[in-house]
Number of protein chains: 2
Amino acid sequence: MTAASTRNRRTAAAPPARPGEDGASSRDVLLQTALDFFSTRGFSGTSIRDIANALGVSVSNIYHYFGSKEGLWLEIMEYSVKTLPARLEGALADVTDPLARFEALVKAHLTVSTSYQRELRMIFIEQDRLTVGGDKINHDVQRQVLAIYIRELEALRAAGIVRTEHLKILAFNVLGVINWQLRWYHGDGPLPADDVHREIIGFILNGLHGPTPG
Amino acid sequence: MTAASTRNRRTAAAPPARPGEDGASSRDVLLQTALDFFSTRGFSGTSIRDIANALGVSVSNIYHYFGSKEGLWLEIMEYSVKTLPARLEGALADVTDPLARFEALVKAHLTVSTSYQRELRMIFIEQDRLTVGGDKINHDVQRQVLAIYIRELEALRAAGIVRTEHLKILAFNVLGVINWQLRWYHGDGPLPADDVHREIIGFILNGLHGPTPG
DNA sequence: GTTTGAATCGAACGATCGCTCTAGAGGCAG
DNA sequence: CTGCCTCTAGAGCGATCGTTCGATTCAAAC
């Protein structure tokens, strides 16, 4: 969102970075640009020089701040994707009714997805290219999120709202709708994000009832 | 491993063998191996040497059969993904009732997804790395499939089953559930594919009813 | 027997990859 | 001024990338 504007400010003449002055340090600009590339081209589809050249800086800069290409990827994960499970749990803190909890869960998930769209895309684009430690973050986050959904779905089944016994499949279906939105929603449509979210939530909450017997 | 033992004896004037015609020709083995790599590592995450070394053959072989790395990718698309819209239309040929049509559409889509899981994954993994002509196939297929779903959803709205006016969002939600299955379903679970499909269809058909007013 | 052509290999090309190294520029403490 | 530290640039390293080329094998065609 702000990457393009900050980028133009410090291109050609290579001025020294002034952290805190204009709010975007060299480090932040590198992160934003890397985010743009990683989220659209994937890890192996993005080269260090792609990022450096887009900003008109040297590749040494990236290694100075992040140590390696994978370190840059992990740095983005650290402040965004890794916080997703805690954010979802936070949205459930004050809600007791099972159905209201689930709706709050989906709503919070959609809100985070809109805020961190590019970052979350990084999870789902090309997952077998990082070293063991790097992949572990992706898998851990996805596993934690899935566990949250299954736990809430169990409460819904206890309440008689969900009838199927295959809660894992149901959770995948719900997550499919939510995560697919990362692909098709670009914010340039005529509908505000809230209306889009309402449509998605309506679809999911109806889908919970599962296959009609008979 | 099997490439060295398979010597093909095909007639000189004929073009390369069609897939599935005789045993496993060198060409077919190359296609299958490329499919394994492309569907898990993406286009830029797969190197020509990855494929060649996995089979113990020379990289020249790939260029002999497919001309280029992108030609190999497109060859896979040609016999699989590109046929998806026609297959979906074919499933609708004899059905008239709108709801039955939609159910047949989703069911056929799931069947094709199970048969061509790796091929369809290639669509959704890394989409900005091919040249203009290569990307066009991906976009065309996705656009055609979306058009089919929207057309059927319009019939459902005319029949009073679908109430929302945002059919495009609804179509994306349905496609999200179906396509997300490409990620999580690996066929190694305890449930047969038919049961999984039934769960997914049940979720989608209930989701069609959309947000409950009030 | 000769010719043809598809199938295959191994070497090598230029480009690009992730990454390292050295050095210079500028701020700041002594 | 001197030394230290952070930030940055640029050259260059070895490896790998997609691709090309020449040569060889082998079976069918003439």
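Which residues are the closest to DNA strand C? Good morning, colleagues. The model before you is a predicted one, and I shall begin with the DNA. Strand C is surrounded by 20 residues, and the closest are Ser47(A), Lys69(A), Val57(B), Ser58(B) and Ser60(B). Two or more residues of this surface come from each of α3 (48-55) and α4 (59-66) of chain A, and likewise from α3 of chain B. With four residues, α3(B) gives the most to the surface near strand C. As to chemical class, the surface near DNA strand C comprises eight nonpolar, eight polar and four charged residues.

Let me stay with α3(B), residues 59-66, and turn to how this helix packs against helix α1 of chain B, residues 26-41. The two axes come within 11 Å and cross at roughly 105°. Since an angle of 65 to 115 degrees counts as roughly perpendicular, α1(B) and α3(B) are therefore roughly perpendicular to each other. On the α1(B) side the contact is made by Ser26(B), Arg27(B) and Leu30(B), and on the α3(B) side by Asn61(B), Ile62(B) and Tyr65(B). Three of the residues in this contact are nonpolar, two are polar and one is charged.

I move now to the two protein chains. A turn of 180° with a shift of 0.0 Å along the axis lays chain A on chain B with an RMSD of 0.0 Å. This is the relation of a two-fold axis. Within chain A, the C-alpha of Gly207(A) is the nearest to that axis, at 2.1 Å.

What does each chain bring to the contact? Chain A contributes 35 residues and chain B contributes 34 residues. On the side of chain A that touches chain B, α2 (26-41), α10 (167-184) and α11 (193-207) of chain A each supply at least two residues. That side of chain A has 14 nonpolar, 15 polar and six charged residues. Of the interface residues of chain A, 97% are also interface residues in chain B, so the copies meet through the same surface.

Finally, the domains of chain A. The domain assignment gives domain 1 as 3-73 and domain 2 as 80-208. Their contact takes nine residues from domain 1 and ten residues from domain 2 of chain A. On the domain 1 side, α2 and α5 (69-79) of chain A each supply at least two residues, and the largest share, four residues, comes from α2(A). By class, the side of domain 1 that touches domain 2 in chain A has four nonpolar, three polar and two charged residues. Thank you for your attention.

Terms used: Residues numbered from 1 in each chain as written. Chains lettered and ligands numbered in written order. Predicted model: local features only at pLDDT ≥ 70, side-chain atom pairs only at ≥ 80, totals over all residues. Contact = placed C-beta atoms within 7 Å. Nonpolar A, V, L, I, M, F, W, Y, C, P; charged D, E, K, R; others polar. Axes fitted to C-alpha atoms, helices over the stretch in contact; angles between N-to-C directions. Parallel < 35°, antiparallel > 145°, perpendicular 65-115°, else oblique. Least-squares fit on C-alpha atoms with pLDDT ≥ 70 in both. Near = placed C-beta within 6 Å. Domains from an automatic or database assignment.
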